[in-house]
Amino acid sequence: MYKEICAKYAPNKDNLIYILHEIQDTHPQHYISTEAVNEISKYLKLPENHIYGVLTFYSMYSTTPRGKHIIRLCESPPCYIKGSINILRKLKTILGVSVGETTKDGKFTLELCACLGVCGNAPVMMINDDVYGDLSEEKVEDIIDKIRGRN
Amino acid sequence: MKYYRSHVLIGINETSLAAGVQSFIKALRAQLSKTGLSDEINLLETGPLGFFGKGICLTVYPDNVNYENLKEADIPLLVEEHFLKGRPVTSLMLESAGKFSPKFNYASRIVLRNSGIIDPESIDDYIGTGGYEAWEKALTKMQPKDIIEEVKESGLRGRGGAGFPAGIKWGFTAPLEAEQKYVVVNADEGEPGTFKDRLIMEGDPHQLLEGLMICARAVGATKTYIYIRGEYKLCIMRLQKAIDDCRNYGIIGKNIFESGFDLDIEIKIGAGAYVCGEETAMIESLEGNRGHPRWKPPFPGVKGLWQAPTVVNNVETLANVPFIIKQGAQEYKKYGTPQCTGTKVYTILGDVAYPGLCEVDMGTTLRTIINDYAGGMQKGFKFKAALVGGAAGVFLPEKLLDVKMDLASLDQYSAVLGSGAILVMNEHQSIVDMLWSILRFFRHESCGQCAPCKTGTQQLYRLITKIKKGEGTMEDVELMQLIAETMLKTSFCALGQSPIMAIRSAIENFRDEFIAITKK
């Protein structure tokens, strides 16, 4: 599978970031495994340490398996003054996990992130590709319940 | 062409998408066809509408009525009353939310002049407003040096933060002999509280592309990249469509307008690193490396992407260029102040009545921006401070509310205007708490390449945490300032040089708060 993804891109170093994006996005656990790094290393003829260097530098990538839905709550100043800390507390309670952890059923991973650029609706979080704004504790519970119900 | 009795513009942006605008539109269309109005009412999906409103907003022309925070449940009433009987529903109108009626300042707009008026996904709409005329002029009637002269004459300064004159920057790269030159658009907007570039790209992607094309022609670059952050899904989608449409229309590609000039535009997606907003870090990232800033000089204009001459410009800077070329530098200079020409797009957030965006002349005061464009403070609250320029910005207290907001007037605060973020705090917010949040941000975003920033941001966070808990002393406060000043002098790039701004302005203007929270 990794080989096929790599083959879509020319074997140039500047494609590394895009290969990593695609591998992570298509992996059911949204992460980049050691096997994937090994495969990319062979394809781009780059040492594995370079790939790990890049992979761990950017906050969107993960080297550990994650849940089906990745919650990224903004903790930057604009969301902070609008009470993102209360939202974080609420998320921790309803999911029963700490930041960086995945729920036992593998459905949710809770992460913090820097500004998402939707500050007019602070506090804000992203769940996978969807943005949720003007969060309140009740709203968060509702959103999580809905996603749980869908699956 | 089909004529409609009424045009309804719906703003599609991250905000309204979050409020479920897609299913709202579906329901609205269904209701319109149910009542037989489909042929009379034209529903147009556009970008940010250019006024402050919550959730799903729409503007109805020719009535010029604005609705905000609409729910699907409001649709039957809206269609029945307004679209069928012609009676605007006062209870849903924007103005009813408060006594505030937003200023429509389309006359003084350059960058956002089409935003909320045209369909950003339609190249024909853009061309219909005179779009790509500047590109044609630049390509077929002007020499590269004339373009650069015009931009120099306009006084356009970079809108990314440093405020460097755009024409001079282009002038460094243009005369260089090189096999390949590049232009890179910096759309990696990551400054907390800043989303002006997102609004520009969502509302009018073609304008950015046109500015980019003119820049490429001026400096002789045939390959250009837009480096955009991965979170901006809607921007990426709209830009990609805009680029594809341009290619199909022959506006970019090989031998454009038979001028012999080739140009290609490609989108590159970032992976989440604040430091990649620094131009050399961005170039490293484009090459497939960690985003570590490079040593300057040589500047990217001489040796940038793959060691080739590369111009890096912010989205807003380039979005100003089509106007300058089409209308001319003299016309452009009518906006703003003599030292700092043009307009500026701001995002206003925090404890104001209507958080959102505005485009105003350079030199407009902070007071005007907050009162006229954001509806003043939230009801019942008083102004305490505004954090201007994001995390790398400064705290402005009430006594500075009448400072003119332009790069020259704000020079004493080291040109923090760039990002255009204005975060307003009411009297109950704590400056110390806010500073803590800022320093936590810097600790997280330091790239770790140089010691002053790597260690400094850690130490600053440790000290502010101690102070916030009430365990610090005034010596800790002074130490914080000393560390940040050392970082200013010794850090490799602007990231490590930035924390001093917030720290110094917080301590200078709100010293009492530090005295109150520290141990005697």
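## Exercises on a two-chain predicted model

Helix H15 (residues 431-445) and helix H19 (residues 499-509) of chain B pack with their axes 10 Å apart, at an angle of about 170°. Helices (H or I, at least four residues) and strands (E, at least two) are DSSP runs, numbered from the N terminus. This is a predicted model, in which local features need pLDDT of at least 70 and side-chain atom pairs count only at pLDDT 80 or more, while totals for chains, interfaces and linings use all residues. Residues are numbered from 1 along each chain as its sequence is written, with chains lettered from A and ligands numbered from 1 in the order in which they are written.

**Exercise 1. Describe how H15(B) and H19(B) pack, and state which residues make the contact.**

Step 1. Start with the angle, which runs from 0 to 180 degrees between N-to-C directions; axes are lines fitted to C-alpha atoms, for helices over the stretch in contact. Angles under 35 degrees count as roughly parallel, over 145 as roughly antiparallel, 65 to 115 as roughly perpendicular and the rest as oblique. H15(B) and H19(B) are therefore roughly antiparallel.

Step 2. Now list the contact, where two residues count if their C-beta atoms, placed from the backbone, lie within 7 Å. H15(B) brings B:Ile431, B:Leu435, B:Ile438, B:Leu439 and B:Phe442, and H19(B) brings B:Pro499, B:Ala502, B:Ile503 and B:Ala506.

Step 3. Sort them by class: Ala, Val, Leu, Ile, Met, Phe, Trp, Tyr, Cys and Pro count as nonpolar, Asp, Glu, Lys and Arg as charged, and the others, Gly among them, as polar. The contact has nine nonpolar residues, no polar and no charged ones.

**Exercise 2. Work out the strand order of the five-strand open sheet in chain B and follow strand E12 to its partners.**

Step 1. Two strands pair if DSSP finds at least two bridges between them. The order is E10-E9-E15-E12-E13, and the pairing is mixed.

Step 2. Find the edges: E10 (356-361) and E13 (394-397) of chain B each pair on one side only. On average, neighbouring strands are turned by 30° against each other, direction ignored.

Step 3. Look at E12 (residues 383-388) of chain B, which runs antiparallel to E15 (residues 421-426) of chain B and is joined to it by five bridges. Here B:Val388 has B:Ile422 as its bridge partner.

Step 4. Turn to the other neighbour: E12(B) and E13(B) pair in the antiparallel sense over four bridges, with B:Ala386 opposite B:Leu396. Their hairpin has five residues between the strands, and B:Gly389 takes a positive phi near 100° there.

**Exercise 3. Summarise the contact between chain A and chain B.**

Step 1. Chain A gives 32 residues and chain B gives 43.

Step 2. On the chain A side, the elements with two or more residues are helix H2 (16-26), helix H4 (48-57), helix H5 (77-80) and E4.

Step 3. By class, this side has 20 nonpolar, nine polar and three charged residues.

**Exercise 4. Judge how confident the predictor is in each chain.**

Step 1. Use pLDDT, the predictor's confidence in each residue, from 0 to 100. Chain A has a mean of 94, and 99% of its residues reach 70 or more. Chain B averages 90, with 95% scoring at least 70.

Step 2. Look for weak spots: over residues 96-100 of chain B, pLDDT stays under 50.

Step 3. Finish with the whole model, which scores ipTM 0.94 and pTM 0.90.
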